[in-house]
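Me: Please take me through the terms used for this structure, and set each value against the cut-off behind it.

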Amino acid sequence: PEQCAMLTIQQLSALTGVSDASIVRFAKRIGLSGYQELRAELRARLSDSLSATRRIEKSAASGDSTPNYLSDFIGLQIGYINQLTQVVASTEFHNLVSHIAGARALFLYEDGGASMSPGNTLQFWLSRFGLQVIRVTPSGHRLFDQIVHHQPSDLLVGFCFGKDNPDLSNLLQYTSQKQILSYLVTDYPHGHTASLCSHHIVLERGPLEIFHSMSVPVLFCGSIALSIAR
């Protein structure tokens, strides 16, 4: 459902191996006017389930007022941090570090909101190591203002959590056409955006419907900084 909410009927048709007409017939069979209404319903469902406010409300409603509730939440985050150690030990992580260290400039895209935290961490440290970090305007007509001045050794690192991001998808299509290396850091590896990047690194942050901390992405970026420093 999350993926269908972001795909055109042509993209869904190619992905599933059925015709556009079959998709339309399916939508009508379940009582909708067509694929556009189906996608609108799925987008509304996705937006409601992924809203930060809704996630906090659900998490608070499902717990109690005792200290154990917060202890359980922290314990959950510790579990995700332990999984992060496997990511940091991976070949993909070391390739990312190597590419960043050898780049003239790092173009950095965050999908807004909480993902600004790991972006801030990365820019703070890498700038102190003399690396040029260029933050891409997150949306609108200025999306390509900075990256059009890229050089061959540059790369793009994008953060996208919880759902696909149309602007980042457009940016990744551009980097693919221009043969700019791109990495996506995400907890949503099966979406359309992830299919467009050169490489993606998955950070586990829990089921989509619960409140998430940004501790794992921030620690991930701190690990990048320390690895480059070494």
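The exchange below concerns a predicted model and the labels given to its residues.

Me: Why is aspartate 154 called buried?
Reply: Buried means under 20% relative accessible area. Aspartate 154 has 2%, so the label applies.

Me: What makes aspartate 154 and arginine 104 a salt bridge?
Reply: The criterion is a side-chain nitrogen of Lys or Arg within 4 Å of a carboxyl oxygen of Asp or Glu. In this pair the closest N and O atoms are 2.7 Å apart, and the criterion is therefore met. The two residues are 50 residues apart and link distant parts of the chain: aspartate 154 lies in the loop between strand 2 (132-135) and strand 3, and arginine 104 in the loop between helix 6 and strand 1. The structure holds 4 salt bridges.

Me: Why does arginine 104 count as partly exposed?
Reply: Its relative accessibility is 30%. Partly exposed covers the range between under 20% and over 50%, so arginine 104 receives that term.

Me: How do you know that arginine 205 and aspartate 187 form a salt bridge, and which label, buried or exposed, does arginine 205 carry?
Reply: The closest N and O atoms of the pair are 2.9 Å apart, which is within the 4 Å limit. Arginine 205 is buried, because its relative accessible area of 6% is under 20%. Aspartate 187, at 13%, counts as buried by that rule too. Arginine 205 lies in the loop between strand 5 (199-202) and helix 9, whereas aspartate 187 lies in the loop between strand 4 and strand 5.

Me: What labels do the residues of the salt bridge between aspartate 145 and arginine 142 carry?
Reply: This pair meets at 2.9 Å, N to O. Aspartate 145, with 34%, is partly exposed, and arginine 142, with 46%, is partly exposed.

Me: Why is glutamine 179 called exposed?
Reply: Exposed means over 50% relative accessible area, and glutamine 179 has 71%; the term therefore fits. Glutamine 179 lies in the loop between helix 8 (166-177) and strand 4. Its phi is positive, about 60°, although it is not a glycine.

Me: Why does glutamine 77 count as buried?
Reply: Its 7% relative accessibility is under 20%, so buried is the term. Glutamine 77 lies in helix 5 and touches Ser213 and Ser215, leaving aside residues up to four places away in sequence.

Me: What is the largest nonpolar core made of?
Reply: It has 28 residues, and those with the most contacts inside it are Leu96, Val157 and Phe220. Among the elements that give two or more residues to this core are helix 5 (67-88), helix 7 (116-128) and strand 3 (155-160). Helix 9 gives the most, with 5 residues. Valine 157 touches residues including Leu96, Leu106 and Tyr183.

Me: How do you know that the span of helix 9 is close to the expected one?
Reply: Helix 9 has 15 residues and reaches 21 Å from its first C-alpha to its last, against 21 Å expected at 1.5 Å a residue. Its buried residues include Val216, Phe220, Ile224 and Ile228.

Me: What makes the nonpolar surface patch, and why does phenylalanine 124 count as partly exposed?
Reply: Phe124, Trp125 and Phe129 make a patch of about 290 Å². Phenylalanine 124 lies in helix 7. Its relative accessibility of 39% falls between the limits for buried and exposed, so it counts as partly exposed.

Notes:
Residues numbered from 1 in each chain as written. Predicted model: local features only at pLDDT ≥ 70, side-chain atom pairs only at ≥ 80, totals over all residues. Heavy atoms only, no water. Core = buried A, V, L, I, M, F, W, Y, C linked by side-chain atoms within 4.5 Å. Buried < 20%, exposed > 50% of the residue type's maximum accessible area, 1.4 Å probe, protein only. Helix = DSSP H or I, 4+ residues; strand = E, 2+ residues; numbered from the N terminus. Contact = heavy atoms within 4.5 Å. Expected span 1.5 Å × (residues − 1). Patch = residues over 30% accessible without salt bridge, like charges linked within 9 Å, V, L, I, M, F, W, Y side chains within 5 Å. Areas by Shrake-Rupley, 256 points an atom, 1.4 Å probe, with all protein chains shown as cover.
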